[in-house]
Amino acid sequence: RFADVDVAPPIEVFALIAQYNEDTFPNKVNLSVGAYRTEEGKPWVLPVVRTVEAQMATDPTLNHEYLPVAGLPDFRAAAVKLLLGEDNPALVENRVEGIQALGGTGALRLAADFLKIVKKCDNVIMSSPTWENHRMIFKNCGFGNIKQHRYWNAETKGLDLDGMLEDIKAMPDESVVLLHACAHNPTGVDPTQEQWKKIADVCEQKKAYVLMDIAYQGFTSGDIEKDSWAVRYFVNRGFELFASQSFSKNFGLYNERIGNLCIVTKDTESKMRVKSQIEIIVRTTWSNPPNYGARIVASVLNNPALYSEWKEHIKTMSDRIRLMRDQLFQKLKMLGTPGKWDHIIHQQGMFSYTGLNPTQVEHLVKKYHIYLLKSGRINMCGLTTSNMDYVANAIHDAVTS
Ligand code: PMP
């Protein structure tokens, strides 16, 4: 019965982490993991999260009853406010809803399920490259036509905007267009505001169902508003859209699986209709979401003192990432490593698409025990001031040998 089941291909990032964990080489470096690391190479529980956890541990009013299907109301309200800004007209006009989800992944899944089951969409387009899970989510939700648009220009190591617009234009009308709102994963290349306007024009012409994936709000630039600019721009232009929010990175709550699907519609009535359908999808998928992460995020976002403390933390994280970008760039320049490396400092967010080819990547893994994805993507927080020289010298060797 099950003997004929094909073994699924390994998930590259988790396979690499397993390989890294087994490696006994003392100077090994993990540049593949999609999580923040401190200057000591350790995970970071945000102090503000610790504070809230301590309060929760002794709060006699908390219990383990089911949350509503749509999630914790305080959390959902705070999440959409964080994304759109308190005074956003769409919020004031009561045409925004939040549905708590299992991480950003869960939010994407809810949106894709809704678009397939309720709106009968079959066409979706996303960037090439994109986060590897995007394709799989839409495939497993039954989308028949999954396309990728040009995005990364290998020559300029920047955005191929013309290619992107052309490819979106070539899609049937009313296709789903999946966009990374900030800190594009894996390239770290984000459109400028002028470029976003052109992307919005094309989405409008094509009557696209826009789904914005925002997994790094605040974490990218250290500034909440800057990182959600694209989403706010689309909303202010009158788009009805979905945005999948993740609190894995900006709260360091990776394993609590806390995310939110933000729904923006043209009026309250449509919002209620969409919400009711998504509640059915939640009901048949996980039925009721977990409380812990939602409670932490809600407690921080709804308390002005804790909120400003959190904003300091996201600044700490994004500053450290930027420092690592700068140091790696300076080291490669100093070594005279062939090629132009300034894309490392211009890219945004946790990842850098280095431009290293698969042979060079293999060289780094095999000879230096430096673990990174085959695409050449590295997590900047895997770098520390103590392993920087080692990594830069290894990259130099990989490029020149
Ligand atoms: N979207 C993108 C682009 C991501 O990089 C990630 C995390 N790697 C996610 C969504 C989802 O994150 P999570 O489900 O862990 O919240």
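Axes here are lines fitted to C-alpha atoms, for helices over the stretch in contact, and angles run from 0 to 180 degrees between N-to-C directions. Keep that in mind for this predicted model.

**Stop 1: helix 3 and helix 12**

Select residues 73-84, which form helix 3, and residues 292-301, which form helix 12. Their axes are 8 Å apart and the helices pack at an angle of about 55°. Angles from 65 to 115 degrees count as roughly perpendicular and those under 35 as roughly parallel, while the rest, up to 145, are oblique. Helix 3 is therefore oblique to helix 12. The crossing of helix 3 past helix 12 is left-handed.

Now show the side chains. From helix 3, pick Asp-74, Phe-75, Ala-78 and Leu-82; they meet Ala-294, Val-297, Ala-298 and Leu-301 of helix 12. Sorted by class, this contact holds 7 nonpolar residues, 1 charged residue and no polar ones.

**Stop 2: the two domains**

Color the chain by domain. Domain 1 consists of 12-45 together with 308-400, and domain 2 covers 73-302. Between the C-alpha centres of domain 1 and domain 2 there are 27 Å.

Where the domains touch, 22 residues of domain 1 are in contact with 23 residues of domain 2. On the domain 1 side, helix 13 (304-335) and strand 11 (351-353) are the elements that give two or more residues. Helix 13 gives the most, with 6 residues. That side of domain 1 has 10 nonpolar, 8 polar and 4 charged residues.

**Stop 3: helix 2 against helix 13**

Keep helix 13 selected and add helix 2, residues 47-57. The two pack at an angle of about 145°, and their axes are 8 Å apart. Val-48, Thr-51 and Val-52 of helix 2 meet Leu-306, Glu-309, Trp-310 and His-313 of helix 13. By class, the contact is made of 4 nonpolar, 2 polar and 1 charged residues.

**Stop 4: helix 7 and helix 8**

Move to residues 161-169, helix 7, and residues 193-205, helix 8. Their axes cross at roughly 10° and come within 10 Å. The two helices are therefore roughly parallel to each other, and their crossing is right-handed.

Which residues of helix 7 meet helix 8? They are Leu-161, Leu-165, Ile-168 and Lys-169, and their partners in helix 8 are Gln-195, Lys-198, Ile-199 and Val-202. This contact has 5 nonpolar, 1 polar and 2 charged residues.

**Stop 5: three places in the backbone**

Go to the loop between strand 3 (123-128) and helix 6 (132-140), where Pro-129 lies. Ser-128 and Pro-129 are joined by a cis peptide bond, with omega at about 0°.

Another cis peptide bond joins Asn-185 and Pro-186, with omega at about 20°. Pro-186 is in the loop between strand 7 (176-180) and helix 8.

Past helix 8, select Lys-207, in the loop that leads to strand 8 (209-214). Phi of Lys-207 is near 50°, which is a positive value in a residue other than glycine.

**Stop 6: the ligand**

Finish at the ligand. Around the ligand, select Gly-34, Gly-103, Gly-104, Thr-105, Trp-131, His-180, Asn-185, Asp-213, Ala-215, Ser-246, Ser-248 and Gly-259. Asn-185, from the second cis bond on this tour, is one of these surrounding residues.

Which helix gives the largest share of this shell? Helix 5 (residues 103-117) does, with 3 residues. By class, the shell divides into 9 polar, 2 nonpolar and 1 charged.

Definitions and conventions:
Residues numbered from 1 in each chain as written. Predicted model: local features only at pLDDT ≥ 70, side-chain atom pairs only at ≥ 80, totals over all residues. Near = placed C-beta within 6 Å. Helix = DSSP H or I, 4+ residues; strand = E, 2+ residues; numbered from the N terminus. Nonpolar A, V, L, I, M, F, W, Y, C, P; charged D, E, K, R; others polar. Left-handed = near helix turned anticlockwise from the far one by under 90°. Contact = placed C-beta atoms within 7 Å. Domains from an automatic or database assignment.
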